[in-house]
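Dear colleague,

Please find below the structure that I am handing over to you. A summary of the findings on charged pairs, aromatic rings and backbone angles follows it.

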Amino acid sequence: QVQLVESGGGLVQAGGSLRLSCAASGGTFSGYVMGWFRQAPGKEREFVAAISRKSATAIYAESVKGRFTISRDNAKSTVYLQMNSLNAEDTADYYCAAKETSMVTTRSYNYWGQGTQVTVSS
């Protein structure tokens, strides 16, 4: 069973950038599809991005396309979310997630991290 720990959140001004990291342990990282989700105050959790096991495929929510990039380093058991051109609507708790199937989708993730907070000031 994999454990996930996010880091890299913080306070940033609108238009700025942040890079989130998610370190995995306790499992075979390269065997998991990895995803990022977020939950803003008073809203439901939503999909942000996902990446296939060998980085061949990445998918994004429309709201972040062109601004966010998901990547992974299987040697380091870490997945990243590079976030550029941030705006106030990106303020949320960001969660890393993993699943053992090969399908890169927006749903059905089995394992979750505790989250890291991102606040964008306007």
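**Aromatic residues**

Tyrosine 109 is buried, with a relative accessible area of 9%. Please note at the outset that this is a predicted model, and that every value in this message is computed from it. The ring of tyrosine 109 pairs with that of tryptophan 112: the centres are 6.5 Å apart and the planes stand at 65 degrees, so the arrangement is edge-to-face. Tryptophan 112 is partly exposed, at 28% relative accessibility. Both residues belong to a cluster in which ring pairs link Phe37, Phe47, Tyr109 and Trp112.

How many aromatic pairs are there by the rule applied here? The count is 5. Another of them is formed by tyrosine 32 and tyrosine 111, whose ring centres lie 5.9 Å apart with the planes at 85 degrees; this pair is therefore edge-to-face as well, since planes over 60 degrees apart are classed in that way. Tyrosine 32 lies in the loop between strand S3 (18-25) and S4, whereas tyrosine 111 lies in strand S10 (residues 111-112), so the pair ties together parts that are 79 residues apart in sequence. Tyrosine 32 is buried at 5% relative accessibility, and tyrosine 111 is buried with a relative accessible area of 16%.

**Charges over rings**

Two arginine side chains deserve a remark in connection with the rings. The charged end of arginine 45 sits over the ring of tryptophan 112, at 3.7 Å from the ring centre. The charged end of arginine 19 is placed over the ring of tyrosine 80, with a distance of 3.9 Å to the centre.

**Salt bridges**

Side chains of opposite charge can pair when their charged atoms come close. A search of the whole structure returns 4 salt bridges. Arg38, Glu46, Arg67 and Asp90 are joined in a network of such bridges.

Within this network, arginine 38 forms a salt bridge with glutamate 46, and the closest N and O atoms are 2.6 Å apart. Arginine 38 is buried, with a relative accessible area of 5%, while glutamate 46 is partly exposed, with a relative accessible area of 35%.

Arginine 38 also meets aspartate 90 in a salt bridge, at 2.9 Å from N to O. This pair links distant parts of the chain: arginine 38 is in strand S4 (residues 33-39), and aspartate 90 is in the loop between strand S8 (78-83) and strand S9 (92-99), 52 residues apart. Arginine 38 and aspartate 90 are both buried.

A further salt bridge brings together the side chains of glutamate 62 and lysine 65, at 2.8 Å from N to O. Glutamate 62 is exposed, with a relative accessible area of 62%. Lysine 65 has 44% relative accessibility and counts as partly exposed.

**A buried arginine without a salt bridge**

Which side chain of opposite charge is nearest to arginine 72? It is that of aspartate 73, 8.3 Å away; arginine 72 is buried yet has no salt bridge. The cut-off for a salt bridge is 4 Å between a side-chain nitrogen and a carboxyl oxygen.

Arginine 72 is located in strand S7 (residues 68-73). Its side chain has a polar contact of 2.8 Å with the side chain of asparagine 74. In addition, a polar atom of the arginine 72 side chain lies 3.5 Å from the backbone oxygen of arginine 53. Leaving aside residues up to four places away in sequence, arginine 72 touches a number of residues, among them Phe29, Tyr32, Met34, Ile51, Arg53, Val79 and Tyr80.

**Backbone angles**

Most residues other than glycine have a negative phi, and most peptide bonds are trans. Where do the serines with a positive phi lie? Serine 77 is in the loop between S7 and S8, and serine 108 is in the loop between S9 and S10. The phi of serine 77 is positive, at about 50 degrees, although this residue is not a glycine. Serine 108, likewise not a glycine, has a positive phi of about 70 degrees. Serine 108 counts as exposed, at 58% relative accessibility.

With kind regards

Notes: Residues numbered from 1 in each chain as written. Predicted model: local features only at pLDDT ≥ 70, side-chain atom pairs only at ≥ 80, totals over all residues. Heavy atoms only, no water. Buried < 20%, exposed > 50% of the residue type's maximum accessible area, 1.4 Å probe, protein only. Helix = DSSP H or I, 4+ residues; strand = E, 2+ residues; numbered from the N terminus. Phe/Tyr/Trp six-rings, centres within 6.5 Å; stacked < 30°, edge-to-face > 60°. Lys NZ or Arg CZ within 6 Å of the ring centre and 35° of its normal. Lys, Arg positive; Asp, Glu negative; His and termini not counted. Polar contact = N/O pair within 3.5 Å; in protein donor to acceptor, adjacent residues only side chain to side chain. Contact = heavy atoms within 4.5 Å.
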